[in-house]
Amino acid sequence: QILKGSTDRSTDIRFRSTMPVSALNALPRAFEQVFHRDRKKTDGGEADIKNGRYITILFSLGLLFYCFRFAAELCSPVAGCFVMAFVAFDPNVIAHSRLVTTDLFAALSFIATIYHLWRWLDKGHQPHFYYWCLAIAIAQCCKPNSIILYLICAVPILFHLLQNGSRLRPVPIFKRAAFFLAAQLFIINAAFLFQGPWGETLGQHHFHSAFFQSLQKGALSKIPIPFVNAYVETFDLVQYELETFDGTALNYLLGALRYKSGFWNYYLVCFFFKTPVLTLFAIAAGTLRWLIAGKYRTFLLYGAWPAAFVFLLLSNAAIQSGYRYLIPVSCLMTVFAAPVMDYLWQKSKLVAFIVLLLPLVESVSVFPDYISYTNYFVPNKKLAYRLFADSNLQWGQRITALKAFMAAHPGYLLEPAVPTTGMIIVDVNQLVGIQQPGKFAWLRRSYLPVGTIGGCYLIFNVTATNTDFPQKMLQKQQ
């Protein structure tokens, strides 16, 4: 739609939070259509999705590059190589590097923003101020919650001003502020094709959410907003989704469901059970290394602070959708584990090589089930649904495997409408009830899965001889 020249969100309700960077994944189809103007496809977009994935894979190389550069300049090029390998072999990064979503783009822009900010403030490389301005503006075109980068970056900047305020001259500060504002206005508005009126006041906008409607009734209603309507609409529609929960799955964690309310420990649980164990140890050891070395400022301002802020924000969100929102955090904290990797290399190259191979071995061993990946702290993968569900385990990625399994096992039942006996296959999200809580309550309360298809479909053996089977429901069906 964007490549055709329209940024109007009203054409499809699913476009509430979709950002312009998504258009990059459509470039292969766009070029194909240019050379074959009359081409029409009837495969439901399957070929376009497959081709669009190559764009995400290409940008994933950019994420690896930034992780390498960041770690190399923090410690050494060797440490940078180790960090890059850890990120490249991370099943979660691999999973989202093969999708046509915006999560990988958001992770890339997040790391790039923090990296250029660090190079500008901590290392004093002035050109990186301009790179930072561009990076943080581009980040706003990747995901709505990238707006938190302004708050994250404000803390290191204020710290820098407090430390160096007496040496800073007003004129250069004014020029830089002007460039920063100009970069934000131009890049964000350009990403939305400068389409529609811009500069309208809050009172002139047509908002859907109660929160933004309340702003129109106060003194803020006359403040002009220097962005096109399509960008402003993004936050209104996201807020509307939070308020109404319209079409949104329930939040699920550790067997509990919540409506319009999140879990304070949701992302902590996700991080602990979906981040590779070796990466968790590297992050913990890296944190200790920074603190023992006494390099508090760099680690706290550019590592711990951004990660903690993201966790705090997500943990208080009304909608909690999965580990994918933590990919920027896991990449950033892996970067700050660079001192440990550098230390290993200096002490024993053999041990370092073994440590380097372990993430690769794990990554190969879980192929191709990267989306449903859980680490070694979850030994029984069939029971991962007891921890979490949603995009943590199931995003429709193994539908082909399911069809093949059903064809090979014609006697199996796929999600029966009523309680029944036999071999039953259920989508993990249907089982936990994030859309229909009561539909499979009888199954999840009384039975444990005996098998799994790709970690996102569970197989149950339901027999009438099981004493805890709901006999009344079975008799009613019979």
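The largest cavity has a lining of 15 residues, and those lying nearest its centre are F110, N145, I148, Y325 and P328. Among secondary-structure elements, α5, α7 (148–164) and α13 each give two or more residues to this lining, and α5 gives the most, with 4 residues. The model described here is a predicted one, and the values below are computed from it.

**Cavities**

The space in the largest cavity comes to about 190 Å³, and its lining is made up of 10 nonpolar, 2 polar and 3 charged residues. A search of the whole structure finds 3 cavities of 30 Å³ or more, and the second largest of them has a volume of about 40 Å³. Which residues line the second largest cavity? The lining is formed by N92, H96, K274, Y323, R324, I371, S391 and N392, and by class these divide into 2 nonpolar, 4 polar and 2 charged residues. R324, one of the residues in this second lining, is also a partner in a salt bridge with D103.

**Salt bridges**

Side chains of opposite charge can pair when their charged atoms come close. The structure holds 10 salt bridges, and three of them are set out in the table with the separation of their closest N and O atoms.

| Salt bridge | Closest N and O atoms |
|---|---|
| R69 with E73 | 2.4 Å |
| D122 with R297 | 2.7 Å |
| D103 with R324 | 3.3 Å |

The salt bridge of D103 with R324, with closest N and O atoms 3.3 Å apart, links distant parts of the chain, since D103 belongs to helix α5 (residues 103–121) and R324 to the loop between α13 (296–315) and α14 (327–335), a sequence separation of 221 residues. Both partners, D103 and R324, are buried.

The salt bridge between D122 and R297, with closest N and O atoms 2.7 Å apart, likewise links distant parts of the chain: D122 sits in the loop between α5 and α6, R297 in helix α13, and the two are 175 residues apart. Is each of these partners buried or partly exposed? D122 has a relative accessible area of 19% and is therefore buried, the cut-off being under 20%, whereas R297, with a relative accessible area of 35%, is partly exposed.

Beyond these pairs, R29, E32, R39, K41 and D48 are joined into one network by salt bridges that share partners.

The salt bridge of R69 with E73 lies within one helix: the two residues are 4 residues apart in helix α2 (residues 46–74), so about one helical turn separates them. Their closest N and O atoms are 2.4 Å apart. R69 is partly exposed, with a relative accessible area of 29%, while E73 is buried, with a relative accessible area of 19%.

**A nonpolar surface patch**

On the surface, Y130, Y131, L134, I138 and F179 make a nonpolar patch of about 440 Å². Helix α6 (residues 127–139) supplies the largest share of this patch, namely 4 residues. L134 is found in helix α6, and its relative accessible area of 36% makes this residue partly exposed. Why can L134 be counted in such a patch? Residues of a patch need over 30% relative accessible area, and L134, at 36%, therefore meets this cut-off.

**Backbone features and a buried loop residue**

Two residues other than glycine have a positive phi. F194 has a phi of about 50° and is found in the loop between α8 (170–191) and α9 (210–215), where its relative accessible area of 45% makes F194 partly exposed. L254 has a phi near 50° and is found in the loop between β1 (251–253) and β2 (256–258), and with a relative accessible area of 46% L254 is partly exposed as well.

The peptide bond from F367 to P368 is cis, its omega being near 0°. P368 is found in the loop between α16 (349–366) and α17 (399–408).

F336, in the loop between α14 and α15 (338–347), counts as buried because its relative accessibility is 1%. From F336 to I188 the separation is 148 residues in sequence and 30 Å in space, taken from C-alpha to C-alpha.

Conventions: Residues are numbered from 1 along each chain as its sequence is written. This is a predicted model: local features need pLDDT of at least 70, side-chain atom pairs count only at pLDDT 80 or more; totals for chains, interfaces and linings use all residues. Side-chain values use heavy atoms; hydrogens and water are left out. Patches are made of residues with over 30% relative accessible area and no salt bridge: like charges are joined within 9 Å, nonpolar side chains (Val, Leu, Ile, Met, Phe, Trp, Tyr) within 5 Å. Accessible areas come from the Shrake-Rupley method with a 1.4 Å probe; for residues, only the protein chains shown count as cover. A salt bridge is a side-chain nitrogen of Lys or Arg within 4 Å of a carboxyl oxygen of Asp or Glu. Buried means under 20% relative accessible area, exposed over 50%, partly exposed in between (1.4 Å probe, protein chains only). On a 1 Å grid over the protein atoms alone, a cavity is a set of points where a 1.4 Å probe fits but cannot get out, and a pocket is an open set with protein on both sides within 12 Å along at least five of seven lines; lining residues have an atom within 4 Å of a point. Grid points are joined across faces, edges and corners, and a volume is the space filled by probe spheres set on the points. Ala, Val, Leu, Ile, Met, Phe, Trp, Tyr, Cys and Pro count as nonpolar, Asp, Glu, Lys and Arg as charged, and the others, Gly among them, as polar.
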